Amino acid sequence: MSVTGCLKEASPNNWTLVNATDPVASSANAPPREGDSGRAAAGRNTFKLIGVSEFNLPAHRDHTVILKGLFIKATPLSRLNMTSVTMVAPSCVEAGK
């Protein structure tokens with residue numbers, strides 16, 4: 001799955017994606033679809049990120065990113081087991097903007 005949102009560090013080594021779009025199907029190794037890269041999008045979802053040790057997330061803190069990974073629907077907070085991260089914009093976009 002692929003989601004776009006704002007990467008935040010809730011507490012040390014506890015990462016979330018906020019103002020995130022709804023998950024959409026994607027291929028783990030495929031490049032972003034045309035129209036995805038360079039477009040900052042905002043949604044209303046929040047996801048807890050797992051499998052983050054492979055990635056340099058501090059370099060993307062407070063950036064709008066596209067994350068790909070395995071989506072795990074859960075209550076109260078769904079999770080995304082990350083497989084890739086791509087920066088879309090150096091700042092975050094608020095939902096509704």
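**Pairing, core and cross-links**

Biologist: What makes strand 1 and strand 2 a pair in the antiparallel sense?

Modeller: Strand 1 and strand 2 are joined by 5 antiparallel bridges, and because two strands pair if DSSP finds at least two bridges between them, the criterion is met. A strand here is a DSSP run of E with at least two residues, numbered from the N terminus. Within this pairing K8 stands opposite T16 in strand 2, and the two strands form a hairpin with 2 residues between them, where N13 in the turn has a positive phi of about 60°.

Biologist: Which rules govern the values that you quote?

Modeller: The model is predicted, so local features need pLDDT of at least 70 and side-chain atom pairs count only at pLDDT 80 or more, while totals for chains, interfaces and linings use all residues. Residues are numbered from 1 along each chain as its sequence is written, and side-chain values use heavy atoms, with hydrogens and water left out.

Biologist: How do you know that strand 2 and strand 3 pair?

Modeller: DSSP gives 3 bridges between strand 2 and strand 3, again in the antiparallel sense, with T16 opposite K48 in strand 3. Strand 4 and strand 5 also run antiparallel, joined by 9 bridges, and G69 stands opposite M82 in strand 5. Taken as a whole, 5 strands close into a barrel in the order 1-2-3-5-4, with mixed pairing.

Biologist: Why is strand 2 called mostly covered?

Modeller: Of the 7 residues in strand 2 (14–20), 5 are buried, where buried means under 20% relative accessible area, exposed over 50% and partly exposed in between, with a 1.4 Å probe and protein chains only. By that scale H60, in the loop between strand 3 (45–50) and strand 4 (64–72), is buried as well, because its value is 18%.

Biologist: What makes the largest nonpolar core a core?

Modeller: A nonpolar core is a set of buried Ala, Val, Leu, Ile, Met, Phe, Trp, Tyr and Cys residues joined through side-chain atoms within 4.5 Å, and the largest such set has 14 residues, with L7, L17, L49, L57, L67 and M82 having the most contacts inside it. Strands 1, 2, 3, 4 and 5 each supply at least two residues of this core. Setting aside neighbours within four places in sequence, L49 is in contact (heavy atoms within 4.5 Å) with L7, W15, T16, L17, L67, L80 and M82.

Biologist: Why is the link of C6 and C92 called a disulfide?

Modeller: The sulfur atoms of C6 and C92 are 1.8 Å apart, and because a disulfide is a pair of cysteine sulfur atoms within 2.5 Å, the link qualifies. C6 lies in strand 1 (2–11) and C92 in the segment after strand 5 (79–89), so the pair ties together parts that are 86 residues apart in sequence. C6 is buried at 3%, whereas C92 is partly exposed at 28%.

Biologist: How do you know that D62 and K8 form a salt bridge?

Modeller: Their closest N and O atoms are 2.8 Å apart, and a salt bridge is a side-chain nitrogen of Lys or Arg within 4 Å of a carboxyl oxygen of Asp or Glu, so the pair counts. D62 sits in the loop between strand 3 and strand 4 and K8 in strand 1, 54 residues apart. R61 and E9 also meet in a salt bridge, at 2.5 Å from N to O. R61 is in the loop between strand 3 and strand 4 and E9 in strand 1, so this pair ties together parts 52 residues apart in sequence.

Terms used:
Helices (H or I, at least four residues) and strands (E, at least two) are DSSP runs, numbered from the N terminus.
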